[in-house]
Every structure is written in structure tokens, then in C-alpha cells.
Amino acid sequence: MTQDVEMKEVPAPSIPSNSASSTSPSTLHNLKEIASLLETAAYSREVRRIVRAVRLTMVLRRKLKVSVLSAFLNFALSPGSEVHSRLSSYLPKDDEHDMDVDTATSATQVSSKHALPELEIYSYLLVLIFLIDQKKYNEAKACASASIARIKNLNRRTIDVLASRLYFYYSLSYELTDDLAEIRGNLLNLHRIATLRHDELGQETLLNLLLRNYLHYNLYDQAEKLRSKAPRFEAHSNQQFCRYLFYLGKIRTIQLEYTDAKESLLQAARKAPIAALGFRIQCNKWAIIVRLLLGEIPERTVFMQKGMEKALRPYFELTNAVRIGDLELFRNIAEKFANIFNSDRTHNLIVRLRHNVIRTGLRNISISYSRISLVDVAKKLRLDSPNPVADAESIVAKAIRDGAIDATLDHTNGWMVSKETGDIYSTNEPQAAFDTRIAFCLNLHNDAVRALRFPPNSHKEKESAEKRRERQQQEQELAKHIAEEDDDEF
């Protein structure tokens, strides 16, 4: 299996030849290799190895079983200890036969017991992931709460990566049972502890979890106050930075700051991993609405992205209605997909689009007719008010005042007289467009340079040919894992 050749960096513990060749021993073998990697990282204080161990764990996530976890707990923790008993109690008892076989097999493998906090926290993480995947949410909540209580008493930089993952699953387990409000105070306390310990990865993760907690209950003002007062530093995790940009875009959208919201949402969609399809779909949904509110029409290619066609279909039809400026079609589409818009929490934003639909239709009328009566304007806009002519006059007057159309209003005759359209290249708009593109390219280059990572003391040590080959092989394996993993954070 692919998992047997993923980790050549750390020698695996010896496994007796009498174990049967099946999925469970292979998964257990890899978990023991990960435990060895964590042990090495703890003694050498290399956070990079901890990150690698977590990524390898996500590859094995779907192969975890009760028997495998029980055998690993016997290997990593002392049987009879408080932690071992607590974690074993969370596991279901319906796989007792397999469990006995694996436990008996692994009993002779244990030469010494580990007392490292990293292995203890990692065991919590494994059990918690398994419980969530098995949809045992009550047990997952109890396991997550116990792990958080243990983390509060540990102040080690090698635990920060594992702790950040536990924070995520801690919040997820309560979100799946719709009890997010219960842990808000605890999350704030954890964020304060992470700040005092200078745990920047933990601060990133907890800030995003708090923002998600507030936005889940539509507490946008509280979310913005927290975001504006939280410490700022360079992002350590691309996933967490993408989440932060998405939440920031949602906050800015509700606050009517559409330009900043568009920039944040598009940046989040671009930076998100390819495997995070659901996250990218949500970013694109909000970005489409924000662009429509700005008076822009998204390109057709936005709706034709691979794997997104079906999810973005309602927004494609909505965009088509806004582009045409047909108010009746816009109302029909809003009613047709009302359930989808409500589940996406974009229905209130779509209500704001009515004014844009009217303005777009008025702009099309202004371009098509040099002079048109207000009665015809009301008919073409399909205004359903008691006095459509008076409404059409006020709409035209407001559009002229805002600069949406270049026309004059003849109150006496009830006409709208359009002016000649000028040459756009005689204005500064092309220059502004080029400036925006150049600024984007420069920012992209600066972000790429800041995201570069180098091994510690790489400029002082000269590696041999053998070490270079080993390093290149490890980098290829890591790139393969990153490309294949489902990126569970999204």
C-alpha cells in the first residue's frame, strides 16, 4: 500500500512475522512510524516534523478502526493510566473480537512506554477524529473537552501544531450538535492563553474559530470588534489565512464595504487548496454577490469552474437577471432558489440587489434610446408599484444624481433625454485598470516571497550528496501527500 512507503525518514518498530497481511496492521504500522516521528520531533524540538506527522495522519484518517486505535493506545500510552482509560472509554465496544486479536499481537511489540505529552495529545487527536467521522458527536464533545483541559496545562512549542488541530475539532464537534454558543467563553480564554504563550498558530486558529462562532449567530459587530483588536502577525498556515480572509470578506459585505470584501473573498478563493472544493464554492458565491452589488458582472468562466457548475447554477441565473435588468425575472429567480439562498445566508444580500437590477435596466434603456417617456420606462422596468410613473421619475432622478446614467430629466413633457456617450479612452479609466492589475501582480509576488520557508541553519551546513537525495525524496513524498490529501480543514 502507499502508506507503507510514505515515511522512510524514521525506522519503524519491529513487527512480528505472525501478523496477518491486512489493512489494520498496515495502518497500525504507519501510526507507529508517526509516533516515532513525533518522539524524534519532541526531543529535537523540530516543529516541521510535527507538521509532517499531522499531514501523514490525515492520509490514514479513513482507515482508522476501533481495533487499530486500541492497539495504538496500548503502544503509545501506559495501559491502566488515566489517559489510556479515558480514551479507551470513548471508543465503541462493538468490535471486540478484532480488538482482542490486535491487542494480543501488539502486546509483544511494546518495549518501552512513552510518557511524552506530544504522544498523549496526538492520541487525543486520533480518537477525536475517529469519533467525528463515526458521527458519535456526544463522545467527541467529551473527548474534545478533556483534551482542551489537558492542553491548558502544557506550554510546549512542539504541541502548538497538534493543539491547533484539536482546537478546530473541538469547535467542530460542538458545531455539529448546534451548541457553538456554549464554548465561546472557553475559546476566548484559550485565545488569551495562546497570546500569553506567543503561540501564533494557536492564535490564528482560535481567532478564526471565534469569528466563525460569532458569524454563525449573525453577531457581525462583535466579530469585527474582536478582529480589529486581535494581535496581528504574519500568517503561519495557508488554510487559516484563507479562512480569515473569507470571514473578513463576509464582515465587510454586511458592513457595505464591498470593495474590500471583494478583494478578501477573491484572494481567499485563489489561495485555497484545489481539494477544498466546498470552501472555494462558498467563496465564489459570496464574491459573485459582492461583485453584483458593486455593479460588476462576473465572467462566465467563474460559473464554469470544474466541480462548481451545479452549485453555482442559481447564482448564474441570478447574474443573468441582473445583467439584463429584468426585475420580473429577478423576482422569479429569487423565489425559485429561496431555500438555497437562505442556506447560503445570502438572501439578505440578494434583497439589496433589487436596486442594482433597476439601475442596470435603466442604463440599458439610456443606451438604447436617446429619448423615452417615463411611462415607457416604468413598463420596461416592470415596476409593480401603485404609481409606477412617479416611481420611475424618482428612480431616473436618483440614477442621474449618482452618475449611473448620463441623461437629463424633462419634467414638463415626462421624458428622459440621454446624452451622447463619450470615448472611454479619453478618460483615466484605462489607466486605473492597468494600475489595479499591476498592484495585484506586485502583491502576489510579495506574498510568494514572504511564504518561502527554509530549513533552520541551511546557510551554514553543506549537505552531502546522500543527504541531498534523501531530502529530495522526502520533499517529493511530502508534495505527494499534500496533493492527495482531502484537506479536512475545509
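In this predicted model, His 198 counts as exposed, with a relative accessibility of 64%. The residue sits in the loop that links helix 9 (184-196) to helix 10 (200-216). Its backbone also deserves a look: although His 198 is not a glycine, its phi is positive, at about 60 degrees. A comparable description can be given for Leu 256, which is not a glycine and has a positive phi of about 70 degrees. Leu 256 belongs to the loop between helix 12 (238-254) and helix 13 (258-271). With a relative accessible area of 53%, Leu 256 is exposed, because the cut-off for that class is over 50%.

Ala 194 offers a contrast in helix 9. This alanine has a relative accessible area of 4% and is therefore buried, the limit for that class being under 20%. Leaving aside residues up to four places away in sequence, Ala 194 touches Asp 199, Gly 202, Gln 203 and Leu 206. Asp 160 lies 34 residues from Ala 194 along the chain, and the C-alpha atoms of the two are separated by 9.1 Å. Further along the sequence, Leu 374 is part of helix 20 (residues 374-381). Leu 374 is likewise buried, with a relative accessible area of 4%. Its C-alpha atom is 9.3 Å from that of Leu 409, a residue 35 positions away in sequence.

It helps to set these residues against the whole protein. The protein contains 23 helices and 3 strands. Of its 490 residues, 46% are buried. Among contacts with a separation of 6 or more, 69% are made by residues 24 or more positions apart.

The interior comes next. In soluble globular proteins, nonpolar side chains tend to be buried together. Here, the largest nonpolar core comprises 131 residues, and Leu 31, Phe 72 and Leu 87 have the most contacts inside it. Helix 6 (residues 117-133) supplies the largest share of this core, with 12 residues. The surroundings of Phe 72 can be followed residue by residue: beyond four places in sequence, Phe 72 touches Leu 28, Leu 31, Lys 32, Ala 35, Tyr 122, Ser 123 and Leu 126.

Helix 16 is a convenient place from which to follow the packing of helices. Helix 16 (residues 313-324) and helix 17 (residues 327-336) have axes that come within 9 Å and cross at roughly 165 degrees. This angle makes the two helices roughly antiparallel, since angles over 145 degrees fall in that class. Their crossing is left-handed. On the helix 16 side, the contact involves Pro 314, Glu 317, Leu 318, Ala 321, Val 322 and Ile 324, which meet Leu 329, Phe 330, Ile 333 and Lys 336 of helix 17. By class, the residues of this contact comprise 8 nonpolar and 2 charged, with no polar ones.

Helix 19 (residues 347-368) also packs against helix 16, at an angle of about 40 degrees and with the axes 7 Å apart. The angle makes helix 16 oblique to helix 19. Leu 318, Ala 321, Val 322, Arg 323 and Ile 324 of helix 16 meet a set in helix 19 made up of Ile 350, Leu 353, Val 357, Thr 360, Gly 361 and Asn 364. The residues of this contact divide into 7 nonpolar, 3 polar and 1 charged.

A further partner of helix 16 is helix 14 (residues 277-293), with an angle of about 5 degrees between them and axes 11 Å apart. Helix 14 and helix 16 are therefore roughly parallel, because angles under 35 degrees count as such. Here Lys 285, Ile 288, Ile 289 and Leu 292 of helix 14 meet Tyr 315, Leu 318, Thr 319 and Val 322 of helix 16. The classes in this contact are 6 nonpolar, 1 polar and 1 charged.

Following individual residues through these contacts ties the picture together. Leu 318 and Val 322 of helix 16 take part in the contact with helix 17, in the contact with helix 19 and in the contact with helix 14. Ala 321 and Ile 324 meet residues of helix 17 and also residues of helix 19.

Key
Residues are numbered from 1 along each chain as its sequence is written. This is a predicted model: local features need pLDDT of at least 70, side-chain atom pairs count only at pLDDT 80 or more; totals for chains, interfaces and linings use all residues. Side-chain values use heavy atoms; hydrogens and water are left out. A nonpolar core is a set of buried Ala, Val, Leu, Ile, Met, Phe, Trp, Tyr and Cys residues joined through side-chain atoms within 4.5 Å. Buried means under 20% relative accessible area, exposed over 50%, partly exposed in between (1.4 Å probe, protein chains only). Helices (H or I, at least four residues) and strands (E, at least two) are DSSP runs, numbered from the N terminus. Contact means heavy atoms within 4.5 Å. Axes are lines fitted to C-alpha atoms, for helices over the stretch in contact, and angles run from 0 to 180 degrees between N-to-C directions. Angles under 35 degrees count as roughly parallel, over 145 as roughly antiparallel, 65 to 115 as roughly perpendicular and the rest as oblique. A crossing is left-handed if the near helix is turned anticlockwise from the far one by less than a right angle, and right-handed if clockwise. Ala, Val, Leu, Ile, Met, Phe, Trp, Tyr, Cys and Pro count as nonpolar, Asp, Glu, Lys and Arg as charged, and the others, Gly among them, as polar.
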